[in-house]
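Here is a friendly walk through a structure that may be new to you. Keep the 3D view open and follow along, one part at a time.

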Amino acid sequence: MIISILKDAIASKYESFVMQDSKVSIDTNVIIKLSKFPEFMQLIRDDKDFKFDILLDHTAVDYIDENVFHLVYHLYSSSYNHQVIVLVEVPRDKPVVSTLCNIWRIAEWQEREVFDLFGILYNNHPDLRRIFLEDDWVGFPLRKNYKDNFMLEK
Amino acid sequence: MENLNSLSTNNQAVILTNLEKILNWARANSLWPLTFGTSCCAIEMMMATGSAHYDLSRFGAEVVRVSPRQADVLIVAGTIVKRMAKPLKMLFNQMMDPKYVIATGSCTISGGPFIYNSYTTIRGVDKLIPVDVYVPGCPPRPEALFWGILVLQKMILQNSLFKNKKKRYRPVLAALPEGICIEEIHSEMKNILKSKKYL
Amino acid sequence: MINYSLDNFANLVDNSNNSTVFEVVFYILSIFITCLIFISIFVMVVVYIERKVAAAFQCRVGPNRVGWKGILQSVADLLKLLTKEKITPLYSDKFLHFISPMLCISASFMTLLIVPFSPYIQIINIDMGILYWSAVSSLGILGILLAGWSSYNKWSLISAVRAASQLISYELSIILSVLTMIIFTNTLNIQKIVLSQLNGCWIWRGHLVTLIAFTIFFIASIAELNKIPFDLPEGESELGAGFHTEYSGMQFAFFFLAEYVNLFITSTIIVILFLGGWLPWHISGFSIFNELMDSIPPIIWLLLKVSIIIFVIMWIRWTLPRLRIDHLILLEWKFLLPTSLANMVLASFLVLNNLYFYV
Amino acid sequence: MTIHLKTLNEILHNLDEKKHWGTKEYFINMGPQHPSTHGVLRFVLKLEGEIIKEIIPILGYIHRGIEKIGESVSYRNFVHLTDRCDYFSSIINNWAVSRTIEQALNMETNDRIETIRTIFAEIQRIQSHTMWWGVFGMDLGAFTPFFYGFRDREFLTSIVEETCGSRLTMNYIQPGGVLYDIKSNFIKRIKQYIQYLRPRIEEYEKLISDNVIVQKRTENIGILPSEKALSFGSTGPVLRASGIPLDLRKNDSYGVYDKVKFSVVIGTKGDSWDRYWIRIEEMRQSLNIIEQLVDNIPAGKHMVTKYTTKIKLPVGYHHSSIETARGILGIFVASDGMENPYRIHMRSPNYNNLWSITDMAVGLKISDLVTIVSTLDLIIPDVDR
């Protein structure tokens with residue numbers, strides 16, 4: 001409930017950043033245009049009305065049918081105790097997005113995790129390499145079209 | 001498990017037999033485990049070795065060694081994934097003979113809850129290293145681990161040191177009432193996995 | 001008062017000079033075997049007791065399956081270690097790797113020579129006894145340092161360097177406390193040090209000076225023994241197994257044995273310097289009590305006092321956490337060393353003015 | 001636009017080999033089998049002497065791909081996988097999944113369920129902290145605290161086992177209730193336990209907190225200022241030690257936390273000592289919470305839906321977070337309306353708490369690294385998932 005109110009507030013304040021026509025319909029989250037994405041994150045962190053100072057979580061969802069990745073950023077404000085989920089759509093063919101390392105330090109490793117499991121590339125990331133799997137691992141396991149002979153599928 | 005008498009009386013000098021008995025007794029009663037735990041089973045293992053309620057030291061096995069060179073028994077506690085396979089093998093190779101392996105928990109025995117759809121979990125630690133005793137449970141209670149250690153002690157007491165040096169005893173599953181041979185479980189598991197009727 | 005005579009020791013030393021080669025060899029061999037038997041039995045007993053004491057502190061039972069109440073537990077451990085495979089790592093310095101456990105154990109063996117178990121039971125009584133002890137016991141460091149160096153293991157190396165810096169620092173405090181006591185006793189001969197306490201242990205007689213010396217000596221000797229809170233060289237949670245990471249079987253057992261023999265000998269030296277060695281406990285005035293105490297053999301007295309010290313060391317070991325390396329070095333160089341230096345000055349002042357208690 | 005993908009080997013062979021004289025830096029490998037990395041965490045340390053110059057955590061030694069498994073199991077089955085992540089807050093993990101599902105379905109639970117859940121969550125917190133206290137002592141080199149911590153945990157484990165039927169991986173809290181109703185003598189035993197633990201905590205303080213060595217080894221070691229803590233995404237006791245009172249029990253007030261009195265403990269400096277002390281204090285707070293709740297558990301059913309009911313979440317994103325013993329655990333579900341989640345993600349508190357070590361431990365010694373890892377209280381299966 002908090003999220004939906006916040007969503008409206010953010011959407012009205014940062015109108016030019018918010019994507020209005022998305023292929024995937026989501027009610028309670030803010031979807032941001034890819035081109036303006038890191039700018040928006042910087043703004044929303046420093047905004048006195050929102051103060052999202054913690055990047056709680058970052059992950060991705062693979063929509064193979066729509067041919068997009070949804071990058072999910074979960075922000076939390078320790079001073080106002082409110083949270084919001086920011087989504088960015090990235091094309092599946094060219095999954096490149098700017099890094100948030102210089103905004104939140106933790107983004108460095110959260111992005112490494114997403115790179116490891118989804119193969120999303122981050123621009124200007126200081127240390128982009130696999131984190132859970134070995135460096136010579138082939139494929140990105142959490143993509144929907146991941147195939148592995150080792151895996152025993154039910 | 002084979003009977004003790006059938007092994008020790010055959011054509012062996014009395015001195016050797018007695019020496020063998022003494023050495024086996026010493027080895028069975030001084031099993032120093034290696035600190036090796038990857039996940040939840042490690043906690044129950046620690047509960048067994050390091051808790052006042054269970055106290056593995058009663059069997060003389062509380063001297064947990066950090067260095068694999070000094071350890072006797074490798075208690076594999078917790079899931080083994082592909083990345084851990086290499087260090088695990090290395091640890092096993094670094095251990096000095098005589099060495100024993102106890103696999104605790106369903107993850108180490110078969111992959112447990114992570115058997116399906118996991119791209120890293122190794123389904124059974126016996127694919128990497130030879131296992132002597134399997135202790136089932138998820139995670140096994142400390143008592144179950146004790147049972148496994150007692151079974152291992154029995155196995156060591158039946159070892160023949162001089163006659164059949166390389167002889168390994170068939171690995172057993174430390175479950176009630178007597179140890180079940182692991183081969184039966186393996187064949188059963190293969191059938192289940194082939195038919196895919198499970199779950 | 002009993003008049004203990006030291007003549008028989010002098011005779012023993014003199015006679016050995018005139019004996020044949022065979023006799024000398026036999027003499028040395030018998031000493032060696034006696035030492036070996038004593039050490040193995042002693043170490044096994046102490047290890048068993050330590051495990052039981054640890055269990056008691058930790059609300060456990062401790063070993064109780066092997067033999068009656070588990071007393072054969074250490075025997076099983078030793079036998080297993082004897083028959084365990086041992087290897088030399090591929091890139092290690094093979095000779096040094098082989099020799100360092102021997103160095104450790106032989107240093108401990110050699111210090112055993114001068115331990116006076118009673119006025120009559122002592123392997124050799126030399127006039128420089130206490131100096132000999134401090135010189136030889138520090139040879140053990142060499143074994144540890146070489147073990148860490150030769151193992152081709154970075155953790156071992158860190159451990160060895162830690163051990164060296166720690167042992168060398170704390171050696172100073174030990175020597176200074178010993179010197180303080182020598183100022184009081186006026187002799188280096190261990191038997192004479194014991195006999196100088198006929199009228200009362202030094203720990204009571206020195207106006208707090210000897211008490212300070214005792215405390216410093218005790219702390220420094222725990223550090224020498226690598227026991228918690230000073231077990232940095234083999235700190236399990238930091239360095240794994242420390243300098244003996246690459247050792248297994250008998251070679252590891254040597255380090256283990258050396259550690260426990262050192263424990264015994266250091267406790268003995270503490271007892272000799274401060275607590276009257278094998279002398280019985282007397283209360284002046286109570287003649288019946290004193291006679292009763294005299295009837296207990298001196299060796300029992302020594303072992304009793306030593307076991308109390310060992311128990312206290314175990315107590316500390318199972319209670320305290322470990323220091324950090326820089327705190328450890330600071331404690332020595334900034335606190336213990338100046339204190340013991342000042343203490344020594346005070347001691348000489350007391351002795352020059354005959355101010356300590358004569359009883 | 002260039003994106004350079006590195007490998008581990010590249011980093012490890014990046015030493016300055018030209019230098020021949022003077023002190024050299026060297027790499028040393030700590031883990032994955034090392035007693036104080038709490039499992040299979042691996043650090044590669046760049047050292048100069050004993051001083052840490054750089055620290056590279058390497059993960060994945062227990063990465064089982066739980067999120068991938070989660071995509072093919074039902075929501076109920078996913079609950080038991082969360083047990084195996086952070087096994088010291090397994091009930092709280094179960095609660096996080098259940099809460100997400102209940103929020104998504106607008107499922108109403110009754111007071112009895114919420115009270116039981118709260119009590120068990122606090123029991124888990126105490127279990128986790130007593131255990132942590134023991135391991136902390138062990139990491140500092142004192143063996144006895146380890147046994148005391150385990151001893152006190154064991155009493156609680158047996159109480160929990162009586163109701164949940166399991167000691168470590170309980171799988172107790174389910175969507176729509178709890179699996180079993182509490183046993184008849186649960187209340188009696190837990191009251192006895194509270195009476196038992198209170199003096200024990202004082203004993204802990206005597207044994208470890210009052211010890212000069214511990215104080216010297218924790219004070220001003222691994223300072224994490226509040227801005228850094230926020231930037232590093234730390235939560236739980238680690239963040240609270242830095243002085244930020246972020247506790248979802250207060251801020252989000254799920255369960256019946258709004259009906260009980262307790263205070264959020266915060267530190268001042270954010271050093272290891274604060275992190276240590278906060279956990280000790282939290283044990284007392286948890287005891288208070290249990291004491292307030294255990295006497296008046298409301299009557300009612302222990303499960304509002306049948307266990308066999310199949311769960312389908314509405315299409316879209318569902319999210320909720322919960323305060324475990326180590327920080328905020330978030331469950332993020334992308335649902336496509338099927339029985340199994342399209343994508344399920346766990347925001348693990350340990351994963352996010354871990355990384356502040358790359359900043360904190362630099363310039364300190366190996367012993368300090370051990371202290372810091374211990375006060376961060378990491379559970380590696382939860383880091384790797």
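In chain C, buried residues account for 49% of the 359 residues. The model you are looking at is a predicted one, so each value here is computed from that prediction. Chain C is built with 15 helices and 0 strands. If you turn the C-alpha trace of chain C along its principal axes, it spans about 65 × 50 × 45 Å. How does its radius of gyration fit a compact globule of 359 residues? Such a globule would have a value near 21 Å, and chain C has 21 Å, so the two agree. Its contacts also reach far along the sequence: among those between residues at least 6 apart, 79% join residues at least 24 apart.

Chain C also holds a peptide bond worth finding. Most peptide bonds are trans. The bond from I228(C) to P229(C), however, is cis, with omega near 10°. To locate P229(C), look in the loop between helix 10 (209-224) and helix 11 (236-239) of chain C.

Chain B offers another case. There the peptide bond from C138(B) to P139(B) is cis, with omega near -15°. P139(B) sits in the loop that runs between strand 3 (133-135) and helix 6 (142-157) of chain B.

While you are in chain B, look for N117(B) too. Most residues other than glycine have a negative phi. N117(B) is not a glycine, yet its phi is positive, at about 60°. This residue belongs to the loop between helix 5 (106-109) and strand 3 of chain B. Is N117(B) buried, exposed or partly exposed? With 19 other C-beta atoms within 10 Å, N117(B) is partly exposed; the count for a buried residue begins at 20.

Now move to chain A, which has 3 helices and 6 strands. Reading from the N terminus, its elements follow the order α-β-α-β-β-β-β-α-β. Of the 154 residues in chain A, 44% count as buried. Among its contacts between residues at least 6 apart in sequence, 49% join residues at least 24 apart.

A positive phi turns up in chain A as well. N67(A), a residue other than glycine, has a phi near 65°. You will find N67(A) in the loop between strand 2 (54-63) and strand 3 (68-76) of chain A. N67(A) is exposed, having 11 other C-beta atoms within 10 Å.

Chain A and chain B touch each other. Their contact takes 8 residues from chain A and 7 residues from chain B. On the side of chain A that touches chain B, there are 4 nonpolar, no polar and 4 charged residues.

Finally, turn to chain D, where a sheet makes a good starting point. Strands of a sheet pair through backbone hydrogen bonds, either parallel or antiparallel. Here 3 strands form an open sheet in the order 6-7-8, with antiparallel pairing. Strand 6 (316-323) and strand 8 of chain D stand at the edges with a single partner strand each, so one side of each has no neighbour in the sheet. From one strand to the next, the twist averages 10°.

Look closely at how the strands meet. Strand 7 (residues 328-335) and strand 8 of chain D pair in the antiparallel sense over 5 bridges. I331(D) stands opposite M346(D) of strand 8, and V333(D) has I344(D) as its bridge partner in that strand.

Why can strand 8 of chain D be called largely enclosed by the rest of the structure? In strand 8 (residues 343-347), 5 of the 5 residues are buried, and therefore the description fits. Both of its faces are covered, with R343(D), H345(D) and R347(D) buried on one side and I344(D) and M346(D) buried on the other. Elsewhere on the sheet, helix 4 (residues 90-105) of chain D lies across strand 6 and strand 7, running at about 140° to strand 6.

One helix pair in chain D completes the walk. Two packed helices are described by the angle between their axes and the distance between the axes. Helix 5 (residues 111-140) and helix 15 (residues 366-376) of chain D pack at about 175°, with axes 9 Å apart. That angle makes helix 5 of chain D roughly antiparallel to helix 15 of chain D. Helix 5 contributes V135(D), F136(D), D139(D) and L140(D) to the contact, while helix 15 contributes V370(D), T371(D), S374(D) and T375(D). Sorted by class, this contact has 4 nonpolar, 3 polar and 1 charged residues.

Definitions and conventions:
Residues are numbered from 1 along each chain as its sequence is written. Chains are lettered from A and ligands numbered from 1 in the order in which they are written. This is a predicted model: local features need pLDDT of at least 70, side-chain atom pairs count only at pLDDT 80 or more; totals for chains, interfaces and linings use all residues. A residue is buried if 20 or more other C-beta atoms lie within 10 Å of its own, exposed if 12 or fewer, and partly exposed in between; C-beta atoms are placed from the backbone. Helices (H or I, at least four residues) and strands (E, at least two) are DSSP runs, numbered from the N terminus. Two strands pair if DSSP finds at least two bridges between them. Axes are lines fitted to C-alpha atoms, for helices over the stretch in contact, and angles run from 0 to 180 degrees between N-to-C directions. Angles under 35 degrees count as roughly parallel, over 145 as roughly antiparallel, 65 to 115 as roughly perpendicular and the rest as oblique. Two residues are in contact if their C-beta atoms, placed from the backbone, lie within 7 Å. Ala, Val, Leu, Ile, Met, Phe, Trp, Tyr, Cys and Pro count as nonpolar, Asp, Glu, Lys and Arg as charged, and the others, Gly among them, as polar. The radius of gyration is taken over C-alpha atoms; the globule rule is 2.2 Å times the number of residues to the power 0.38.
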